[in-house]
Amino acid sequence: MRTNDPETAISLFVPEDIRGAKTVRIQFDGKALAVPEGVSVASALLMSGVRAFRSTPVSGATRAPYCMMGVCFECLVEIDGRPGRQSCLVPVRDGMVVRRQEGATELDTSSEKD
C-alpha cells in the first residue's frame with residue numbers, strides 16, 4: 001500500500017533502508033532472491049514482488065497473504081519440500097527453497113497400514 005503523496009510514499013512490504021542490513025538467499029519457484037534476515041517468508045516474498053502464493057483447488061484462483069498472523073491460510077506455500085506451510089509464520093533462513101502451491105496438497109499415505 002502506497003500513499004498518494006510521492007514525497008512520503010511508503011510501502012508496508014518494502015524495507016525502508018536495507019543498506020548494511022544482513023540478507024539471506026532463498027529461492028522462490030527457481031528464482032534466487034536476496035531478502036532481509038529475520039522476516040517471515042510471506043514478507044520476504046511480498047518485498048520481492050510476489051503477489052500470487054498459491055491457487056485454490058476448485059477454481060484455480062490465485063491467493064496471497066491476507067491476515068499475516070496465521071489465521072486465514074491464504075499464504076500457504078511449499079517450503080523445503082513440505083506443502084501447506086503458512087508462510088506468514090515461518091522465518092526465512094539462508095538456502096530455503098519455496099514453491100508456489102498449486103491446488104490441493106497430496107497426502108502422504110505411505111505409512112498407513114491396510
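Is Gln86 buried or exposed? At 16% relative accessibility, Gln86 counts as buried, because the cut-off for that label is under 20%. Keep in mind that this is a predicted model. Below is a quick tour of strand 5 and its partners, then the salt bridges, the cysteines and the nonpolar core.

**Strand 5 and strand 6**

- Let's stay with Gln86 for a moment: this residue sits in strand 6, which covers residues 82–86.
- Leaving out residues up to four places away in sequence, Gln86 touches Gly70, Val71, Phe73, Cys75 and Leu76.
- One of those, Leu76, stands opposite Gln86 across the strand pair.
- Strand 5 and strand 6 run antiparallel and are joined by three bridges.
- The two strands make a hairpin with two residues between them, and Asp80 in the turn has a positive phi of about 50 degrees.
- In a regular strand, side chains alternate between the two faces of the sheet.
- Strand 5 has Leu76 and Glu78 pointing one way and Val77 and Ile79 pointing the other way, and all of them are buried.

**Strand 5 and strand 7**

- Strand 5 also pairs with strand 7; these two run antiparallel, again with three bridges between them.
- Within this pairing, Val77 has Arg100 of strand 7 as its bridge partner.
- Val97 belongs to strand 7, which spans residues 97–102.
- With a relative accessible area of 33%, Val97 is partly exposed.
- Val97 and Asp80 are 17 residues apart in sequence, yet their C-alpha atoms are 5.0 Å apart in space.
- If you skip residues up to four places away in sequence, Val97 touches Gln27, Glu78, Ile79 and Asp80.

**Glu74 and its two arginines**

- How many salt bridges does the structure hold? There are seven, and Glu74 takes part in the two described next.
- Glu74 lies in the loop between strand 4 (62–63) and strand 5 (76–79).
- One salt bridge pairs Glu74 with Arg54, where the closest N and O atoms are 3.2 Å apart.
- Arg54 is in strand 3 (residues 54–55) and Glu74 is in that loop, so the pair ties together parts that are 20 residues apart in sequence.
- Arg54 and Glu74 are both buried.
- Glu74 also forms a salt bridge with Arg63, and here the closest N and O atoms are 3.0 Å apart.
- That second pair links distant parts of the chain, with Arg63 in strand 4 and Glu74 in the loop, eleven residues apart.
- Arg63 is partly exposed, at a relative accessible area of 33%.
- Setting aside residues up to four places away in sequence, Glu74 touches Arg54, Arg63, Ala64, Pro65 and Tyr66.
- Glu74 and Phe53 are 21 residues apart along the chain, and 8.0 Å separates their C-alpha atoms.

**Other salt bridges**

- Glu78 and Arg99 meet through their side chains in a salt bridge of 3.8 Å, N to O.
- Glu78 is in strand 5 and Arg99 in strand 7, so this pair ties together parts that are 21 residues apart in sequence.
- Arg99 is partly exposed, with a relative accessible area of 44%.
- Asp29, Arg100 and Glu102 are joined into one network by salt bridges that share partners.

**Cysteines**

- How many disulfides does the structure hold? The count is zero.
- The closest cysteine sulfur to that of Cys72 is in Cys67, and at 3.7 Å it is too far for a bond, because a disulfide needs the sulfur atoms within 2.5 Å.
- Cys88 is in no disulfide either, as the nearest cysteine sulfur, that of Cys75, is 3.7 Å away.
- Cys72 counts as partly exposed at 23% relative accessibility, whereas Cys88 counts as buried at 10%.

**The nonpolar core**

- The largest nonpolar core has 21 residues, and Ile26, Val41, Leu45, Phe53, Val92 and Val98 touch the most other members.
- Strand 1 (23–28), strand 2 (31–36), helix 1 (41–47) and strand 5 each supply at least two residues of this core.
- Helix 1 gives the largest share, five residues.
- Not counting neighbours within four places in sequence, Val92 is in contact with Val24, Ile26, Val35, Pro36, Gly38, Val39, Ser40, Val41 and Ala44.

Key: Residues are numbered from 1 along each chain as its sequence is written. This is a predicted model: local features need pLDDT of at least 70, side-chain atom pairs count only at pLDDT 80 or more; totals for chains, interfaces and linings use all residues. Side-chain values use heavy atoms; hydrogens and water are left out. Helices (H or I, at least four residues) and strands (E, at least two) are DSSP runs, numbered from the N terminus. Buried means under 20% relative accessible area, exposed over 50%, partly exposed in between (1.4 Å probe, protein chains only). Contact means heavy atoms within 4.5 Å. A nonpolar core is a set of buried Ala, Val, Leu, Ile, Met, Phe, Trp, Tyr and Cys residues joined through side-chain atoms within 4.5 Å. Two strands pair if DSSP finds at least two bridges between them. A salt bridge is a side-chain nitrogen of Lys or Arg within 4 Å of a carboxyl oxygen of Asp or Glu.
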